[in-house]
Amino acid sequence: MTAEVQDVTALLLSRIRDVPDYPKPGVLFKDITPLLADPEAFTALTDALAELCSAHGATKIVGLEARGFILAAPVAVRAGLGFIPVRKAGKLPGATLRQAYELEYGTAEIEVHAEDLEPGDRVMVIDDVLATGGTAEASIELIRRAGAEVAGVAVLMELGFLPGRARLEPTLNGAPLTALIQV
């Protein structure tokens, strides 16, 4: 790891606040709002994610609802790429592709506008946290169903004590998964 990468990682970590017992007792929530409020840290995060998009040849960026939108939209602007929101089912007008996925307590569905992705697109998936990997896995399936290719998945933070990476690896088919921070 280069000194520059270490500096960015240290800056990002210093702006993530631990909130004990949120949203329920026993959970240590990682709050990224102080990072977003700090222009230096938010710019460093945006630049790091935009560099990953460039390095992996992305032509479009998908942001996962909801915090993924906050990260992916400025990355798309910085990288000069289109931004495509992946939303909870029922939130997008018009023709959509829908993908169901398993949660630890049930199922959920996400959607993307059918016309936003097409064959030849190389799509980078961006989100704030990789936890169990369900939403990211479903987004990869949506991208492929649209005929596009997955350029990679990039997250600010990976919760290493959860099985997200192991769950995603078979679905990635060799596409990179990058977490700027692992906790």
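Me: In this predicted model, what covers the buried residues of helix H4?

Reply: The cover includes two helices, H2 (33-37) and H3 (39-55). It also includes strands S3 (60-64), S4 (82-88), S7 (122-130) and S8 (149-158).

Me: Which residues of H4 are buried?

Reply: A residue counts as buried when its relative accessible area is under 20%. In H4, Gly68, Leu71, Ala72, Val75 and Ala76 are buried.

Me: Why do the buried residues of H4 line one face of the helix?

Reply: An α-helix has 3.6 residues a turn, so residues three or four places apart point the same way. Viewed down the axis of H4, the buried residues fall within an arc of 130°, and they therefore line one face.

Me: How should the span of H4 be checked, and what follows just after the helix?

Reply: A rise of 1.5 Å a residue gives an expected span of 18 Å for the 13 residues of H4 (residues 67-79). The end C-alpha atoms are 19 Å apart, which agrees. Just after H4, Gly80 adopts a positive phi of about 70°.

Me: What secondary structure does the protein chain hold around this helix, and how many of its residues count as buried?

Reply: The protein chain comes to 6 helices and 9 strands. Of its 183 residues, 42% count as buried.

Me: What radius of gyration would a compact globule of 183 residues have, and what does the protein chain have?

Reply: Such a globule would have a radius of gyration near 16 Å; the protein chain has 16 Å, which agrees. Its C-alpha atoms fill a box of roughly 40 × 40 × 30 Å along the principal axes.

Notes: Residues numbered from 1 in each chain as written. Predicted model: local features only at pLDDT ≥ 70, side-chain atom pairs only at ≥ 80, totals over all residues. Heavy atoms only, no water. Helix = DSSP H or I, 4+ residues; strand = E, 2+ residues; numbered from the N terminus. Expected span 1.5 Å × (residues − 1). Buried < 20%, exposed > 50% of the residue type's maximum accessible area, 1.4 Å probe, protein only. Arc of directions from axis to C-beta. Contact = heavy atoms within 4.5 Å. Rg over C-alpha atoms; globule rule 2.2 N^0.38 Å.
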